[in-house]
Amino acid sequence: MAGMQSMVTLLREARGWTQTELAERATMSQAVISKVETGAIELDPERLQRLAEALDCRPESLEHNAALPSIEITCLHRRRASTMSVSTMKRIEAVTHLSRISVEGLLDGIELAPARTLERIEVLPGRGPAEVARELRYRWNVPSGPIANLIGLVESAGVVVVFRSFGTTGQDAVSTWPQDSQRPPMMLVNADLSADRLRFTVAHELGHLAMHALPVDSQEAEANIFAGEFLAPAGEIREKLEGLTTSDFRRLMALKTQWGMSMAALIRRAHDLETISDRQYREFQVRLGKLGWRTSEPGDVARENPSVVDKIIALQRSEHDYSDDDLARLAGMTEAAFRRHYLAAPEFAATRPPLRLALDE
């Protein structure tokens, strides 16, 4: 019953429903839902079907799914605490677990072959987040200058990136790293982010995956420092930020396009590198607010999209001639839900040899 209990709770919380709301949709009592979730009762076939229909899942997912896989969620954090209720946090965490279950189901029989290695680099006295970022760029042989395709770079190291609409501005992404090294790390990223915020968020989550085995109070600040250095190394960006003033937004916009970072992030970078003072930084914040650019900035940054899951799906199709329903079964989803979440992007033409997926940018 552990699997059923876990899946019912996960699927319910992923929809943001209370037990009472699920009970109403499944035409059964809240007491029954509670007992199902605690493993106190077994479901008869009729109730199992009603529950599956209410949760838009396959009955066998509730009946046979194994206990939740063990993963570390080190960065389920609030960007704006006032916008994140407990139920919203539970919903995002549940979606994270379900997304991992689906991706690992789709990986059945496929071995990922990363072109790069992602290993934890511990933050130590004398080796802070910026040093970790520089070390990782060196290990991955990242050329100097802006990173053209950040998501492609991250995926080439075996990280599976998945987009989901979170329905909240309070959370940008969640990263998980399984305790089993045979399973891939994963980023679940809010699909509603702007292109510039998306890049910084992916770099921020990479910082979590690289540095944080367990949650620590300083982890958000450390991940931000890592992201700034990884995207725009101090030795390369400092001179471009020298002498910056609040009348230099045309210059900031050009740097935004070049480096794929928001003007707000570049201003923060200038402050961190001490090319602007605390007073200037505050003046910039006021100016951004007056211009209405705190939530949406002008300026173009190319939108990046993940590709590994699309390649996995295409590889399963080419090797096994799987239908959408076959793939949905692997993912533990209904066909409609699978189509909605995983078939929106164009397919990638997978090639032989089969069952080994090389992860290059």
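A residue counts as buried when its relative accessible area is under 20%. Met187 has 0% relative accessibility, so Met187 is buried. That reading comes from a predicted model, as do the other values in this report.

## The chain as a whole

The chain has 361 residues, and buried residues make up 52% of them. It holds 17 helices and 6 strands. Its accessible surface comes to about 16,700 Å², and carbon and sulfur atoms account for 49% of that area. Many contacts link distant parts of the sequence. Take the contacts between residues at least 6 apart in sequence: 72% of them join residues at least 24 apart.

## Three buried residues

Start with Met187 again. This residue sits in strand 5, which covers residues 186-190. Which residues does Met187 touch, leaving aside those up to four places away in sequence? They are Val154, Val159, Val160, Val161, Val162, Val174, Ser175, Val202, Glu205, Leu206 and Leu209. One of these partners, Val174, is 13 residues from Met187 in sequence, and their C-alpha atoms are 5.8 Å apart.

Val309 belongs to helix 15. Its relative accessibility is 8%, so Val309 counts as buried. Setting aside residues up to four places away in sequence, Val309 touches Val103, Leu106, Val160, Val161, Val162 and Tyr342. Val162 is 147 residues from Val309 along the chain, yet their C-alpha atoms are separated by 7.6 Å.

Gly128 is in a loop, between strand 2 (111-114) and helix 7 (129-139). Gly128 is buried because its relative accessible area of 17% is under 20%. The C-alpha atom of Gly128 is 8.6 Å from that of Phe226, a residue 98 places away along the chain.

The table sets out the C-alpha distances of these three residues.

| Residue pair | Separation along the chain | C-alpha distance |
|---|---|---|
| Met187 and Val174 | 13 residues | 5.8 Å |
| Val309 and Val162 | 147 residues | 7.6 Å |
| Gly128 and Phe226 | 98 residues | 8.6 Å |

## Helices with a buried side

An α-helix has 3.6 residues a turn, so residues three or four places apart point the same way. Keep that in mind for the next three helices.

Helix 3 spans residues 30-38, and its buried residues include Val32, Ile33, Val36 and Glu37. Viewed down the axis, the buried residues of helix 3 fall within an arc of 130 degrees, so they line one face. Just after helix 3 comes Gly39, with a positive phi of about 80 degrees.

Helix 7 has Pro129, Ala130, Val132, Ala133, Leu136 and Arg137 among its buried residues. They cover an arc of only 160 degrees around the axis, so they lie on the same side of helix 7. What covers them? The cover includes helix 9 (195-211), helix 10 (219-231) and helix 11 (234-241).

Helix 17 runs over residues 335-342, and its buried residues are Ala337, Phe338 and Tyr342. Their arc around the axis is only 100 degrees, which puts them on the same side of helix 17. Their cover includes helix 6 (86-106), strand 3 (160-164), helix 15 (308-320) and helix 16 (324-331). Tyr342 has already appeared above, as one of the residues that Val309 touches.

## Two helices that cross

Two packed helices are described by the angle between their axes and the distance between the axes. Helix 12 (residues 249-259) and helix 13 (residues 263-272) pack at about 105 degrees, with axes 9 Å apart. The two are therefore roughly perpendicular to each other. From helix 12, Phe249, Leu252, Met253, Leu255 and Lys256 meet Met263, Leu266 and Ile267 of helix 13. Of the residues in this contact, 7 are nonpolar, none is polar and 1 is charged.

## Positive phi outside glycine

Most residues other than glycine have a negative phi. Asp56 is not a glycine, yet its phi is positive, at about 55 degrees. Asp56 lies in the loop between helix 4 (45-55) and helix 5 (59-64). Its relative accessibility is 30%, so Asp56 counts as partly exposed.

Asn141 also has a positive phi, near 60 degrees, without being a glycine. This residue comes just after helix 7, in the loop that leads to helix 8 (150-155). Is Asn141 buried or exposed? At 63% relative accessibility, Asn141 counts as exposed.

Conventions
Residues numbered from 1 in each chain as written. Predicted model: local features only at pLDDT ≥ 70, side-chain atom pairs only at ≥ 80, totals over all residues. Heavy atoms only, no water. Buried < 20%, exposed > 50% of the residue type's maximum accessible area, 1.4 Å probe, protein only. Helix = DSSP H or I, 4+ residues; strand = E, 2+ residues; numbered from the N terminus. Arc of directions from axis to C-beta. Contact = heavy atoms within 4.5 Å. Axes fitted to C-alpha atoms, helices over the stretch in contact; angles between N-to-C directions. Parallel < 35°, antiparallel > 145°, perpendicular 65-115°, else oblique. Nonpolar A, V, L, I, M, F, W, Y, C, P; charged D, E, K, R; others polar. Areas by Shrake-Rupley, 256 points an atom, 1.4 Å probe, with all protein chains shown as cover.
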